[in-house]
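Me: I have a structure open on my screen and would like to understand the labels people put on its side chains. Could you take me through the reasoning, one label at a time?

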Amino acid sequence: MGVGDPVLFLHSGFSRGILAFASQILDFQNKYACYFPDFRGHGRTRSESLEWSTPQHAEDMIAFMDRLRLPKAHLIGYGMGGGVALHCAVNHPERIASITSIGQSGFVASMESEQFEPEWLLEHGAHDFIERMKDRHFEAHRGDWQSFLRQKVKDWRTYPQLRDEQLRGLRRPTLFIAGQHDPYAPEEDLKRVTSLIPDSRYVIVPGCSHRPHMIRENPVFVNDTILQFLEEAK
């Protein structure tokens, strides 16, 4: 959607492209050509195997750019998508114009993830969440929502898994955004990662949670912050 320099919006592990960034579409399409792909194993993107990972998503996004003949793009990632953006920049720096990471510090989240295991969800009656995962990703996981969630938890516990020297080697403008009350991207982690990446900074969104860019949080502030960053990154 839109016309201008390309921007790839990379969704989180439980979401899909068009849902994760619904509050960004109108603001960004006025200045940029916006792409909202669903990762392998998510949404409407099918693959033979139900296994996937953050590094694999990164390679898929480079292949996606190749297919669309996009030599370079800005990446805006939320949650897992932020880790995917960082992997793209580490392994294919020539293809990346800038990186924006929302709710992802670049380090493996220290929060407990057992509550997203299928057995825990069933035991605790989290049927609404289960139904969302069934509906949101049915075409990708073909009804096997339990394998989807096990893969998600495995990826969550393993990635981004970037070494300090890899982060120090990043030479692309990088912006980290996190809500004040985001347990997955605490400020101490943002301070650490921005001390490693040369051209980087972070912004804390007051009063917000893990999803500061979404409706009912503060999408106007987040959008304006990113749009200004992209202008400076040109």
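Me: Let's start with Arg 16. Why is Arg 16 called buried or exposed?

Reply: Happy to help, and please keep in mind that this is a predicted model. Arg 16 has a relative accessibility of 17%. Buried means under 20%, so Arg 16 counts as buried.

Me: What makes Arg 16 and Asp 38 a salt bridge?

Reply: The closest N and O atoms of Arg 16 and Asp 38 are 3.6 Å apart. The cut-off is within 4 Å, so the pair counts as a salt bridge. Arg 16 sits in the loop between strand 1 (5-10) and helix 1 (17-20), and Asp 38 in the loop between strand 2 (32-35) and helix 3 (54-67), so the bridge ties together parts that are 22 residues apart in sequence. Asp 38 is at 14% relative accessibility and therefore counts as buried too.

Me: How do you know whether Arg 157 and Glu 114 are buried, partly exposed or exposed?

Reply: Set the values against the limits: partly exposed is the range between under 20% and over 50%. Arg 157 is at 41%, so Arg 157 counts as partly exposed. Glu 114 has a relative accessible area of 36%, so Glu 114 is partly exposed as well. Their side chains meet in a salt bridge, at 3.8 Å from N to O. This pair links distant parts of the chain: Arg 157 belongs to helix 8 (residues 145-158), while Glu 114 is in the loop between strand 4 (96-102) and helix 5 (118-123), 43 residues apart.

Me: What makes Lys 134 and Glu 131 a salt bridge, and where do they lie?

Reply: Their N to O distance is 3.4 Å, and the limit is 4 Å, so the side chains of Lys 134 and Glu 131 form a salt bridge. Both residues lie in helix 6 (residues 127-136), three residues apart, about one turn of the helix. Lys 134 is at 30% relative accessibility and so counts as partly exposed; Glu 131, at 45%, is therefore partly exposed too.

Me: How many salt bridges does the structure hold, and which residues form a network?

Reply: The structure holds 13 salt bridges. Arg 44, Arg 46 and Glu 139 are linked in a network of them.

Me: On to the rings. Why are Phe 9 and Phe 36 called stacked or edge-to-face?

Reply: Look at the angle. The ring centres of Phe 9 and Phe 36 are 4.8 Å apart and the planes are at 15 degrees. Planes under 30 degrees apart count as stacked, so this pair is stacked. Phe 9 lies in strand 1 and Phe 36 in the loop between strand 2 and helix 3, so the pair ties together parts 27 residues apart in sequence. At 0% relative accessibility, Phe 9 counts as buried, and Phe 36 is buried at 15%.

Me: And what makes Phe 14 and Trp 156 stacked or edge-to-face?

Reply: Here the planes are at 80 degrees, with the centres 6.4 Å apart. Over 60 degrees counts as edge-to-face, so Phe 14 and Trp 156 are an edge-to-face pair. Phe 14 is in the loop between strand 1 and helix 1, and Trp 156 is in helix 8, 142 residues apart. Ring pairs also link Phe 14, Phe 116, Phe 129, Trp 156 and Tyr 184 into a cluster.

Me: How do you know that the charged end of Lys 152 sits over the ring of Phe 14?

Reply: The charged end of Lys 152 is 5.5 Å from the ring centre. The distance limit is 6 Å, and the charge must also be within 35 degrees of the ring normal. Lys 152 is listed as sitting over the ring of Phe 14, so both conditions are met. Arg 192 does likewise with Phe 107, at 4.1 Å from the ring centre.

Me: Last one: why is His 57 called buried or exposed, and what does His 57 touch?

Reply: His 57, found in helix 3, has 0% relative accessibility. That is under the 20% limit, so His 57 counts as buried. Not counting residues up to four places away in sequence, His 57 touches Phe 39, Arg 40, His 42, Trp 52, Met 80 and Val 84.

How values were computed: Residues numbered from 1 in each chain as written. Predicted model: local features only at pLDDT ≥ 70, side-chain atom pairs only at ≥ 80, totals over all residues. Heavy atoms only, no water. Helix = DSSP H or I, 4+ residues; strand = E, 2+ residues; numbered from the N terminus. Buried < 20%, exposed > 50% of the residue type's maximum accessible area, 1.4 Å probe, protein only. Contact = heavy atoms within 4.5 Å. Phe/Tyr/Trp six-rings, centres within 6.5 Å; stacked < 30°, edge-to-face > 60°.
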